[in-house]
Amino acid sequence: DLYNRRYFQEEIDRLNQSRRLPISIIVGDMDGLKDTNDNYGHRMGDKYLKKAAELFESIIRKEDIVARIGGDEFAVILPQTNPESAEKVCKRIRKKCEWCNQKQDLPLPISISVGCATAFTKDESLEDIFKKADSNMYDNKGRNHR
């Protein structure tokens with residue numbers, strides 16, 4: 001039930017000239033989904049994707065936009081959100097993963113690597129901010145091994 005990449009891109013384009021600054025973007029990528037698919041089948045992998053979608057939806061505000069932008073990649077647009085608040089959202093994502101792993105009956109733990117970046121002025125392209133958030137996510141990849 002999340003938005004898709006096309007909608008996400010349309011929102012990036014729309015918000016590029018927004019006055020609702022700062023605008024933060026979070027990129028999240030599931031860790032180990034290929035292993036889950038290989039060892040437990042794609043149905044189980046789909047279950048993990050649904051859990052990840054529920055996790056993202058449970059921690060965002062109504063004005064935020066969360067989308068599944070790729071196979072196991074998610075992105076969140078946080079209007080009027082400074083870097084400190086965006087980092088708090090990233091921490092909530094990690095904490096929610098821990099909570100899910102204690103409460104859910106899943107064969108492998110759910111883990112999502114996240115990164116964020118923030119635009120402070122209209123002169124900053126949200127495409128560039130997305131790329132920075134994606135790069136920051138990859139810097140964090142591997143710190144959350146299953």
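**Briefing: helices, a central strand and salt bridges**

Leu33, Thr36 and Asn37 are the buried residues of helix 2 (buried meaning under 20% relative accessible area, exposed over 50%, partly exposed in between, with a 1.4 Å probe and protein chains only). Around the axis of helix 2 they cover an arc of only 95 degrees, which puts them on the same side of the helix. The arc is that of the directions from the helix axis to the C-beta atoms. This is a predicted model, in which local features need pLDDT of at least 70 and side-chain atom pairs count only at pLDDT 80 or more, while totals for chains, interfaces and linings use all residues. Residues are numbered from 1 along each chain as its sequence is written, and side-chain values use heavy atoms, with hydrogens and water left out. Helices (H or I, at least four residues) and strands (E, at least two) are DSSP runs, numbered from the N terminus.

**Confidence**

- The protein has a mean pLDDT of 93, and 97% of its residues reach 70 or more; pLDDT is the predictor's confidence in each residue, from 0 to 100.
- Confidence is lowest in helix 2, at a mean of 93, and highest in strand 3, at 98.

**Helix 2 and its surroundings**

- Strand 1 and helix 3 are what the buried residues of helix 2 pack against, contact meaning heavy atoms within 4.5 Å.
- Exposed residues Lys34, Asp38 and Asn39 sit on the face of helix 2 turned away from its buried side.
- Gly41 follows helix 2 and has a positive phi, near 95 degrees.

**Helix 1**

- In helix 1 (residues 5–15), the buried residues are Phe8, Glu11, Ile12 and Leu15.
- Seen down the axis of helix 1, these buried residues fall within an arc of 105 degrees, so they line one face of the helix.
- Their cover includes strand 1, strand 2 (65–68), strand 3 (73–78) and helix 5 (126–140).
- At the start of helix 1, a side-chain oxygen of Asn4 comes to within 3.2 Å of the backbone nitrogen of Arg6.

**Strand 4**

- Strand 4 (residues 112–119) is largely enclosed by the rest of the structure, because 8 of its 8 residues are buried.
- Ile112, Val114, Cys116 and Thr118 are buried on one side of strand 4, and Ser113, Gly115, Ala117 and Ala119 are buried on the other.
- In a regular strand the side chains alternate between the two faces of the sheet.
- Strand 1 (residues 23–30) runs antiparallel to strand 4, and 8 bridges join them; two strands pair if DSSP finds at least two bridges between them.
- Val27 has Gly115 of strand 4 as its bridge partner.

**Salt bridges**

- The whole structure holds 8 salt bridges, each a side-chain nitrogen of Lys or Arg within 4 Å of a carboxyl oxygen of Asp or Glu.
- Lys34 and Asp38 form a salt bridge, with the closest N and O atoms 2.6 Å apart, and both residues are exposed.
- Lys34 and Asp38 are separated by about one helical turn, because they are 4 residues apart in helix 2 (residues 33–40).
- Lys51 and Glu54 form a salt bridge, with the closest N and O atoms 3.9 Å apart; both lie in helix 3 (residues 42–59), 3 residues apart.
- Lys51 counts as buried at 19% relative accessibility, whereas Glu54 is partly exposed at 46%.
- Arg61 and Asp64 form a salt bridge, with the closest N and O atoms 2.7 Å apart.
- Arg61 is partly exposed, with a relative accessible area of 32%, while Asp64 counts as buried at 8%.
- Asp29, Asp31 and Lys141 are joined into one network by salt bridges that share partners.

Definitions and conventions. A polar contact is a pair of N or O atoms within 3.5 Å; within protein, one must be able to donate a hydrogen and the other to accept it, and residues adjacent in sequence count only if both atoms are side-chain atoms.
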